[in-house]
Amino acid sequence: MRLGQVIGAVVTLMLGGAALAEAPMTSPRPAPRPGAVVVASSSAGASRWAPIMSLRPMPRPSVLAAAAPVAPVRAAIAPALVPAALVPTASVPRDPINALIQALSPAVATTAVLIDATVLAVARSLRPEPRPAGFVVPAAAVAAPRAASARGSVCGVPEIKGEAIADIPGRIAGCGVDNPVRVTSVSGVALAQSPTIDCTTAKALNTWVREGVIPAVGRTGGGVARINVIAHYSCRSRNNQPGAKISEHGKGHAIDIAGITLANGKTLTVLDNWRGGGAQARIIQAMHRTACGTFGTVLGPNSDRFHVDHLHVDTARYRGGAYCR
């Protein structure tokens, strides 16, 4: 007897779904709201209802915000779908109503889902409220920027890679370096030679490459890949001139740079590009200009005949400020 009732309920629901599937006799277009429409005539003379207000949904009434939870609604519609006497109790699934609805008719299942969604819909936007005035984000919640690895670094600066070497005694008075380092790269840019310099000069070189050279090159040729160092520590007089003062090279304070190599393999040189004009000349000249101040002395092709093919930079300090030519 129970099986017959179940079959009868299934047939009834299926016939009802088929009837609903028939095309309606009249247009399903909803009737316009009173007072909220105007009549507009099309070119064919047919009248159409044109809304004069925005179709944006109106705020939900306050009563809907306190709508009953879905369980009572489901309990109310369940008897209309399946008689309680027809649901076995020995093997009841976790959600017997939804399981049976989905088995009987996809259309009925969809209707039930829509009912659940409507009842559970929030009455207002889920956009978060503004933080109150004076709110302070805890320091622990702010992600710290990723720092360069200290592995292989020297001078206490992670961006300066290289190795510390033994003190260099001077073979003549005025030469020598205390606590020298041999640098292989700064700010991720390799050095063609590994200059032997002191940490003050290494830090100045790192700052200049990060704040001067890299921005000057930009994306040209894929960016700067190597700084072409051609001279560093050397116990000698200035410009190798007899009787001249000891050069800053003899103190580990100076390096000479002939140019740069780009990521695409192209090399820009002071000798070829300083006066060549165009973007390449602007890059070399910007390198010279941005070094001034970071280094105490900056000499280029406009200084004298000894620097036509390279930039000389050192960390000598003068009372009158940086000397740049």
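What average pLDDT does the protein have, and what share of the residues score at least 70? I looked this up before anything else, as I have a predicted model here. The average pLDDT comes out at 75, and 56% of the residues score at least 70.

**Entry: weak stretches**

I then went through the parts with low scores. Residues 36-53 have a pLDDT below 50. Beyond near neighbours in sequence, I find 22 contacts for that stretch in the model. Residues 137-146 also stay under 50. For residues 137-146 the model has two contacts beyond four places in sequence. I put a pencil mark beside both stretches.

**Entry: the overall picture**

I counted up the elements and got eight helices and 15 strands. The protein has 325 residues, and buried ones make up 29% of them. I also checked how far along the chain the contacts reach. Taking contacts with a separation of 6 or more, 50% are between residues 24 or more positions apart.

**Entry: disulfides**

How many disulfides does a search of the whole structure find? I get three. A reminder to myself: a disulfide is a covalent bond between the sulfur atoms of two cysteines. Counting bonded cysteines along the chain, I wrote the pattern down as 1-3, 2-4, 5-6. Now for each pair in turn.

*C155 and C199.* The sulfur atoms of C155 and C199 sit 2.1 Å apart. This pair links distant parts of the chain, 44 residues apart. C155 is in the loop between β3 (153-154) and β4 (157-164), while C199 belongs to helix α6 (residues 199-217). Is the disulfide of C155 and C199 left-handed or right-handed? It is left-handed, because the torsion about its S-S bond is about -85°. On accessibility, I note that C155 counts as buried at 17%, whereas C199, at 23%, counts as partly exposed. The cut-off for buried is under 20%.

*C175 and C235.* Here the S to S distance is 2.0 Å. I read 95° about the S-S bond, and the link of C175 and C235 is right-handed. Where do C175 and C235 lie? Both are in loops: C175 between β5 (168-169) and β6 (176-177), C235 between β10 (224-231) and β11 (254-262). The two are 60 residues apart, and the pair links distant parts of the chain. I checked burial as well, and C175 and C235 are both buried.

*C292 and C324.* I find the sulfur atoms of C292 and C324 1.8 Å apart. The link of C292 and C324 is right-handed, with 95° about the S-S bond. C292 lies in the loop between α8 (278-291) and β13, and C324 in strand β15 (residues 323-324), so the disulfide ties together parts that are 32 residues apart in sequence. I have C292 as partly exposed at 34% relative accessibility, and C324 as partly exposed at 26%.

**Entry: the second largest pocket**

Next I went to the second largest pocket, and its volume is about 370 Å³. Which residues lie nearest the centre of the second largest pocket? I wrote down R238, N239, L299, H307 and H312, out of a lining of 19 residues. Two elements give two or more residues to the lining, namely β13 (297-299) and β14 (311-314). I sorted the lining by type too: five residues are nonpolar, eight are polar and six are charged.

**Entry: T196**

I picked a single residue to look at closely, T196 in strand β9 (residues 196-197). Is T196 buried or exposed? Its relative accessible area is 8%, so I log T196 as buried. Which residues does T196 touch, leaving aside its neighbours within four places in sequence? My list reads I165, I168, P180, V181, R182, H232, Y233 and G252.

**Entry: D272**

For my last stop I chose D272, whose place is in helix α7 (residues 270-273). Its relative accessibility is 55%, so D272 counts as exposed. The cut-off for exposed is over 50%. I also looked at D272 together with D309, and their C-alpha atoms are separated by 8.1 Å. Along the chain, D272 and D309 are 37 residues apart.

Key
Residues numbered from 1 in each chain as written. Predicted model: local features only at pLDDT ≥ 70, side-chain atom pairs only at ≥ 80, totals over all residues. Heavy atoms only, no water. 1 Å grid on protein atoms, 1.4 Å probe; cavity = no way out; pocket = protein on both sides within 12 Å on 5 of 7 lines; lining within 4 Å. Points joined across faces, edges and corners; volume = space filled by probe spheres on them. Helix = DSSP H or I, 4+ residues; strand = E, 2+ residues; numbered from the N terminus. Nonpolar A, V, L, I, M, F, W, Y, C, P; charged D, E, K, R; others polar. Disulfide = S-S within 2.5 Å. Buried < 20%, exposed > 50% of the residue type's maximum accessible area, 1.4 Å probe, protein only. Contact = heavy atoms within 4.5 Å. pLDDT = per-residue confidence, 0-100.
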